[in-house]
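Reader: Hi! I'm new to looking at protein structures, and I'd love a close look at one part of this one. Could you take me through how two neighbouring helices meet, and then show me what lies around them?

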Amino acid sequence: MTLANFVPDFSVILQFAVAVFVIAITPGPDMTLFVGRALSQGRAAGLACMTGAMTGIMIHTLLVSLGLSALIVASPQAFFVLKVAGAGYLIFLAFQAIRHGSAFSPEARPEKQRPFFRNWALGLMINLLNPKIVLFFMTFLPQFVTASDPYAPQKLLFLGLLFIPLSLPVTVPMVLAADSFSSMLKRAPRLMRLTDYLFAGVFSAFAFRILTASAK
């Protein structure tokens, strides 16, 4: 088995990178935690929480990827049904983004400095205890592989782990410039709405792509 068995086509990686970028820039609970902790305890605390959450994402994606891989081997038809159901879920997420908008309300109150490990554990715990993350990755990752691909399990694993390095160039600067970033978003509600529409547009496009393909 070679590295080529794990790496999807460049066009797939590019589509995946666009989706990850949109996820990363969309304000939500994780971003609120990272930026809020950076505002209240400093950059190191924000980065520690972010590192913990990324560790949680690694665990989630490994488990989800292995589970999806087992489903492909056991029943390609069931995997296809999951993809179609996942497309419906992505449309639901797009609808929610437009209807309810982004959630971003970090606390700027000074707090007692906590050790790196405690902030890391907080980020990890919040991530691991969030069932929406498992559901999201179970419906998100399958959109980028096909059950007929003999190397689909390896590519699922590759894409799941690729999520982390692709998102870091977006999330790290947000934490390092937490004060400026938070102030900018609070002064520019239209910018936050723009990210909501961007999220909705990109994920609707992925959903309709798989639904259209299933109808052929």
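Author: Happy to! Start with helix H3 (residues 43-74) and helix H4 (residues 76-100), whose axes come within 5 Å and cross at roughly 130°. Because of that angle, H3 counts as oblique to H4. Please keep in mind that this is a predicted model.

Now look at the side of each helix that takes part. H3 brings Leu-68, Leu-71, Ile-72 and Ala-74 to the contact, while H4 answers with Pro-76, Ala-78, Phe-79 and Leu-82. If you sort these residues by character, you get eight nonpolar, no polar and no charged.

From here, follow H4 to the largest pocket, where H4 supplies the largest share of the lining, six residues. This pocket holds about 1,100 Å³ of space. Its lining is made by 35 residues, and those nearest the centre are Ile-23, Pro-27, Gly-28, Pro-29 and Phe-199. Both of our helices belong to the group of elements that give two or more residues to the lining: H3 and H4 are joined there by helix H1 (10-25), helix H2 (29-41), helix H6 (131-140), helix H7 (152-176) and helix H9 (189-215). Sorted in the way we used before, the lining divides into 22 nonpolar, 10 polar and three charged residues.

One residue leads us a step further. Phe-199, which we met among the residues nearest the pocket centre, also sits in a cluster linked by ring pairs. Its partners in that cluster are Phe-16, Phe-136, Phe-137, Phe-140, Phe-144, Phe-163, Phe-203 and Phe-206. For the structure, the count comes to 13 aromatic pairs.

How values were computed. Residues numbered from 1 in each chain as written. Predicted model: local features only at pLDDT ≥ 70, side-chain atom pairs only at ≥ 80, totals over all residues. Heavy atoms only, no water. Axes fitted to C-alpha atoms, helices over the stretch in contact; angles between N-to-C directions. Helix = DSSP H or I, 4+ residues; strand = E, 2+ residues; numbered from the N terminus. Parallel < 35°, antiparallel > 145°, perpendicular 65-115°, else oblique. Contact = heavy atoms within 4.5 Å. Nonpolar A, V, L, I, M, F, W, Y, C, P; charged D, E, K, R; others polar. 1 Å grid on protein atoms, 1.4 Å probe; cavity = no way out; pocket = protein on both sides within 12 Å on 5 of 7 lines; lining within 4 Å. Points joined across faces, edges and corners; volume = space filled by probe spheres on them. Phe/Tyr/Trp six-rings, centres within 6.5 Å; stacked < 30°, edge-to-face > 60°.
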